[in-house]
Amino acid sequence: MIDLHIHILPGIDDGAQSWDDAVEMAQIAVDSGVRVIAATSHSNLPASIHTEEAERYFGQLERFRRLLDQEKIPLTVVCGMEIFAEGNFLERLKREKLLTLNHTRYALMEFALHEAASEIYRVLAEVKKEGFYPVLAHPERYLCVQKVPAHVYEWYQMGTVIQINKGSVLGRFGRKVQRTAESLLRHRLAAVAASDAHSPVIRTPDMEELQRILSQEYGEGCARLLLSENPRRILENKKVLWDRPIPYDYFAG
Ligand SMILES: [Fe+2]
C-alpha cells in the first residue's frame with residue numbers, strides 16, 4: 001500500500017511530536033502493509049505561528065530518511081504537504097515554497113470544515129487553471145458535503161481527485177462523517193484512501209482495518225485502486241483511474 005496523507009515529520013505541525021513518534025509511526029505503517037508514504041505536513045494554516053517553507057521541511061525529511069535507514073525500516077518517504085487553501089497559497093505553490101506530492105502536478109489540499117461549497121469549487125477551479133491537479137483531502141468531513149454530497153460529484157467532474165480518510169470510514173469522526181464517507185464510496189467518488197495519521201496512538205498509520213473494510217464492503221478491486229494503484233499513479237504524475245462514478249441524481253443518498 002501507499003499512504004498519501006500522513007503527518008509524520010516532527011517539529012512541523014500537530015502530527016508526530018518527536019523522532020521516536022515518527023519512527024514508531026513508520027513501523028506501524030510497514031507492519032500493516034504500507035511501503036511508501038508521502039509525508040504531508042500541514043502548511044499555510046491561518047493560525048500557524050511559523051512559516052512552513054520548503055527548505056526547513058526538506059531538512060526534516062532528510063533526517064527522517066536517515067533515521068529509517070539506521071533503524072532498518074523498509075519505508076520509502078516522498079515529499080508533500082497538506083496545503084490549506086487560504087491567502088496566497090497558489091503563488092507560494094508556484095514558487096515551490098509549498099510542495100506538491102513527490103514534485104508532481106498533484107497538490108493535496110484542505111479547506112476549513114465549514115467552508116462554503118461554492119468557494120471550494122472556485123478555488124479548485126483556480127488551482128486547475130494554473131496547471132495543478134488538486135487532491136481534495138477528506139471532503140466527507142466538510143459540513144457542506146455532509147448536507148449535499150452531490151457537491152463532490154461536481155468537483156470530481158472538474159478534475160479533482162477525491163481522498164477519503166481512514167478514520168472517517170472507521171467512524172472515528174462520528175456517524176455523520178462515516179455515513180458521508182460511505183455515500184462517496186457507494187458513488188465510487190473516492191479515488192484515494194489515506195490514513196491522515198497524526199500519532200502512533202490515536203489517528204495511527206495502521207491501514208490494515210481500512211483495507212479489510214474496503215475489500216469486504218466494496219470489493220478487492222476498490223481496495224487495490226484506492227490504496228495502491230491510484231496513489232502510485234499520483235506519485236508517478238499519471239492520471240488516476242475511476243470506476244465509473246455514479247451521479248447523485250441516480251439514487252438517493
Ligand atoms: Fe491531514
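**Helix α6, the iron site and selected residues**

In helix α6, which spans residues 150-157, the residues V152, Y153, W155 and Y156 are buried. Seen down the axis of α6, these buried residues fall within an arc of 165 degrees, so they line one face of the helix. The background to this pattern is the geometry of the helix itself: an α-helix has 3.6 residues a turn, so residues three or four places apart point the same way. The structure described here is a predicted model, and every value reported for it should be read with that in mind. The buried residues of α6 pack against several other elements, namely the helices α4 (117-129), α5 (143-147) and α8 (175-186), together with the strands β5 (133-137) and β6 (161-165). The helix α6 is followed by G159, a residue whose phi is positive, near 100 degrees.

Two of the buried residues of α6 also take part in an aromatic grouping, since Y153 and Y156 form one aromatic cluster with W242. A search of the whole structure finds 6 aromatic pairs. Aromatic rings also meet charged side chains in this model. The charged end of R105 sits over the ring of F132, at 4.3 Å from the centre of that ring, and R141 lies over the face of F173, where the distance to the ring centre is 4.1 Å.

The iron ion has as its protein donors H5 and H7, each through NE2, E82 through OE and D196 through OD, and these lie 2.0 to 2.2 Å from the ion. The 4 donor atoms around the iron ion subtend angles of 82 to 172 degrees, which makes the arrangement irregular. In sequence, the donor residues follow the spacing H-x1-H-x74-E-x113-D. The pair E82 and D196 links distant parts of the chain, for E82 lies in strand β3 (residues 76-84), whereas D196 lies in the loop between β7 (192-194) and α9 (208-218), 114 residues apart. E82 is buried, with a relative accessible area of 1%, and D196 is likewise buried, with a relative accessible area of 2%.

The backbone of D196 deserves a separate remark. Most residues other than glycine have a negative phi, and most peptide bonds are trans. D196, although it is not a glycine, has a positive phi of about 50 degrees. A positive phi, near 50 degrees, is also found in R203, another residue other than glycine. The place of R203 is, like that of D196, in the loop between β7 and α9. With regard to exposure, D196 is buried at a relative accessible area of 2%, whereas R203 is partly exposed, with a relative accessible area of 32%.

Residues in two further strands were examined for burial and contacts. L108 lies in strand β4 (residues 106-110) and, at 1% relative accessibility, counts as buried. When residues up to four places away in sequence are not counted, L108 touches L4, H5, T40, M81, E82, I83, L101, V135, A137 and Q163. Two of the residues in this list, H5 and E82, are donors of the iron ion. Between the C-alpha atoms of L108 and D249, which are 141 residues apart along the chain, the separation is 28 Å. A38 is placed in strand β2 (residues 36-43) and counts as buried at 0% relative accessibility. With residues up to four places away in sequence again left out, A38 touches D3, L4, H5, I6, V78, C79 and L101, so that the iron donor H5 appears among the contacts of A38 as well as those of L108. A38 and M81 are 43 residues apart in sequence, and their C-alpha atoms are 8.2 Å apart in space.

Two helical residues may be set beside these strand positions. D31, in helix α1 (residues 19-31), is exposed, with a relative accessible area of 55%. From D31 to V192 the C-alpha distance is 20 Å, and the two residues are 161 residues apart in sequence. E62, in helix α2 (residues 54-71), counts as partly exposed at 37% relative accessibility. The C-alpha atoms of E62 and V77 are separated by 9.4 Å, while the residues are 15 apart along the chain.

Technical notes
Residues numbered from 1 in each chain as written. Predicted model: local features only at pLDDT ≥ 70, side-chain atom pairs only at ≥ 80, totals over all residues. Heavy atoms only, no water. Buried < 20%, exposed > 50% of the residue type's maximum accessible area, 1.4 Å probe, protein only. Helix = DSSP H or I, 4+ residues; strand = E, 2+ residues; numbered from the N terminus. Arc of directions from axis to C-beta. Contact = heavy atoms within 4.5 Å. Donors = N, O, S within 2.8 Å, 3.2 Å for Na, K, Ca; no water. Tetrahedral: all angles 85-135°; square planar, octahedral: opposite > 155°, others 65-115°. Phe/Tyr/Trp six-rings, centres within 6.5 Å; stacked < 30°, edge-to-face > 60°. Lys NZ or Arg CZ within 6 Å of the ring centre and 35° of its normal.
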